[in-house]
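Colleague: Please take me closely through one part of this model. I would like the pairing first, then the loops and anything unusual in the backbone.

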Amino acid sequence: MAKTIDLSVDLGFIQLKNPIIPASGTFGYGEEFQAFFPLDILGAFVLKGIYKNPRKGNPPPRIHETAAGLLNSIGLAGPGAEELKKIIKRTASITNTPIIVNVCGESDEEYLEVAKIFDVMEEVSILELNISCPNVKAGGKCPAQDRDHTFRLVKQIKENTQKPLMVKLSPNTHDVPAVALAAQEAGADCISLVNTFLGVAVDLKKRAPVFKNVFAGLSGPAIKPLALKLVWEVAKTVSIPVIGMGGITSGKDVLEFVLVGASAVQTGTINMAEPCASVRIIKELEETMEALSITNLSEIKGRLKL
Ligand SMILES: Cc1cc2nc3c(=O)[nH]c(=O)nc-3n(C[C@H](O)[C@H](O)[C@H](O)COP(=O)(O)O)c2cc1C
């Protein structure tokens with residue numbers, strides 16, 4: 001491999017050795033994957049979303065395969081913030097790769113409480129605010145579905161924390177760029193998108209929805225074109241870095257997201273089908289860049305020719 005290829009990414013507030021970041025909920029708490037490959041090869045990784053208290057999540061079934069993707073209704077199960085602190089200490093002892101905590105909340109107060117808990121952990125590099133969680137006070141609507149709510153919440157978190165804040169957007173709202181702009185105006189350091197698209201699976205024999213909650217989140221290759229559209233629209237709208245995701249399975253996919261404006265990417269569902277996907281994708285990215293005479297991703301970022 002030619003030495004001239006530089007995979008590093010400068011997000012302004014952090015330098016990553018490469019743009020590959022396993023996405024929340026598809027990479028456990030990181031430590032589980034150390035058995036497959038050294039976590040040190042990654043640009044960074046995001047932990048499964050966390051609330052203040054332990055959560056059981058939704059009743060089964062929680063996962064359903066579709067033609068080109070996966071529907072999930074996990075319900076953000078997790079061990080709670082205190083237990084996660086212990087897990088992070090363990091994970092940080094086996095890698096120097098930046099750890100990103102995916103902050104969840106059923107209310108603005110809970111988001112803030114959780115963000116503050118991880119803000120003071122030196123092992124944590126970035127907080128990713130998952131504003132796609134149903135908000136109890138907002139009648140089950142998530143903050144990402146409302147630009148004013150997004151602005152209020154992001155501003156409150158920024159005013160009370162020190163770490164870089166990545167705000168993760170939902171595609172399930174009609175004006176995603178407006179929500180991205182609200183997050184930027186409130187002080188977000190970068191944007192990540194997309195979370196899963198709401199979908200329905202039908203059980204013909206039962207003549208009923210597969211999932212108890214009826215709706216579930218669609219991820220995987222099926223959503224890649226939809227995600228590329230939204231990442232492109234958001235990257236044109238904001239001036240802070242955008243981390244793109246949705247159906248990425250190859251090095252070529254990574255370059256497509258960079259061309260529409262992403263500075264780095266997150267890889268989700270592919271990690272569940274192929275635990276070593278990150279190793280392959282990083283290698284493919286380097287090979288494809290060499291074949292296309294690209295030495296650094298900044299050369300093509302947002303350079304989609306129209
Ligand atoms: C099983 C599963 C669990 C997920 N859990 C979370 C989560 O806890 N927090 C979050 O922000 N996103 C979560 N996501 C969404 C992913 O991080 C990612 O945004 C989405 O799957 C799109 O990327 P992909 O198509 O590459 O999977 C989850 C996705 C899946 C498939």
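**The antiparallel sheet and its loops**

Modeller: Start with one pair: valine 200 stands opposite phenylalanine 215 in β14. The model is predicted, so local features need pLDDT of at least 70 and side-chain atom pairs count only at pLDDT 80 or more, while totals for chains, interfaces and linings use all residues. Residues are numbered from 1 along each chain as its sequence is written.

The strand names come from DSSP: runs of E with at least two residues are strands, runs of H or I with at least four are helices, and numbering goes from the N terminus. Two strands pair if DSSP finds at least two bridges between them.

β11 and β14 meet that rule with four bridges, in the antiparallel sense. They belong to an open sheet of four strands, ordered β5-β6-β14-β11, with antiparallel pairing. At its edges stand β5 and β11 (197-200); each has a single partner strand, so one side of each has no neighbour in the sheet. On average, neighbouring strands here are turned by 40 degrees against each other, direction ignored. The axes behind that angle are lines fitted to C-alpha atoms, for helices over the stretch in contact; angles run from 0 to 180 degrees between N-to-C directions.

Move on to β6. It pairs with β14 (residues 215-219) over three antiparallel bridges. Asparagine 72 has glycine 217 of β14 as its bridge partner. On the other side, β5 (residues 63-66) and β6 share four bridges, again antiparallel. There, glutamate 65 faces leucine 70 in β6. A hairpin of two residues connects β5 to β6.

Side chains next. In a regular strand they alternate between the two faces of the sheet. In β6 (residues 69-72), Gly69 and Leu71 point one way, Leu70 and Asn72 the other, and all are buried. Burial is a count: buried needs 20 or more other C-beta atoms within 10 Å of a residue's own, exposed 12 or fewer, partly exposed in between, with C-beta atoms placed from the backbone.

Now the loops. Most residues other than glycine have a negative phi, and most peptide bonds are trans. The bond from proline 60 to proline 61 is cis, with omega near 0 degrees. Proline 61 lies in the loop between β4 and β5. Leucine 193 and valine 194 are also joined by a cis bond, omega about 15 degrees. Valine 194 sits in the loop between β10 (190-193) and β11.

Two non-glycine residues take a positive phi. For valine 214 phi is near 65 degrees. Valine 214 is in the loop between β13 and β14, and it counts as exposed because it has 12 C-beta neighbours inside 10 Å. For arginine 207 phi is near 50 degrees. Arginine 207 belongs to the loop between β12 (202-203) and β13 (208-209). It has 7 C-beta neighbours inside 10 Å and so counts as exposed.

Last, the ligand. There are 25 residues around it, and among those that come nearest are Ser219 and Gly49. Near is judged by a C-beta atom, placed from the backbone, lying within 6 Å of the molecule or strand. The shell holds seven nonpolar, 16 polar and two charged residues. Nonpolar covers Ala, Val, Leu, Ile, Met, Phe, Trp, Tyr, Cys and Pro; charged covers Asp, Glu, Lys and Arg; the others, Gly among them, are polar.
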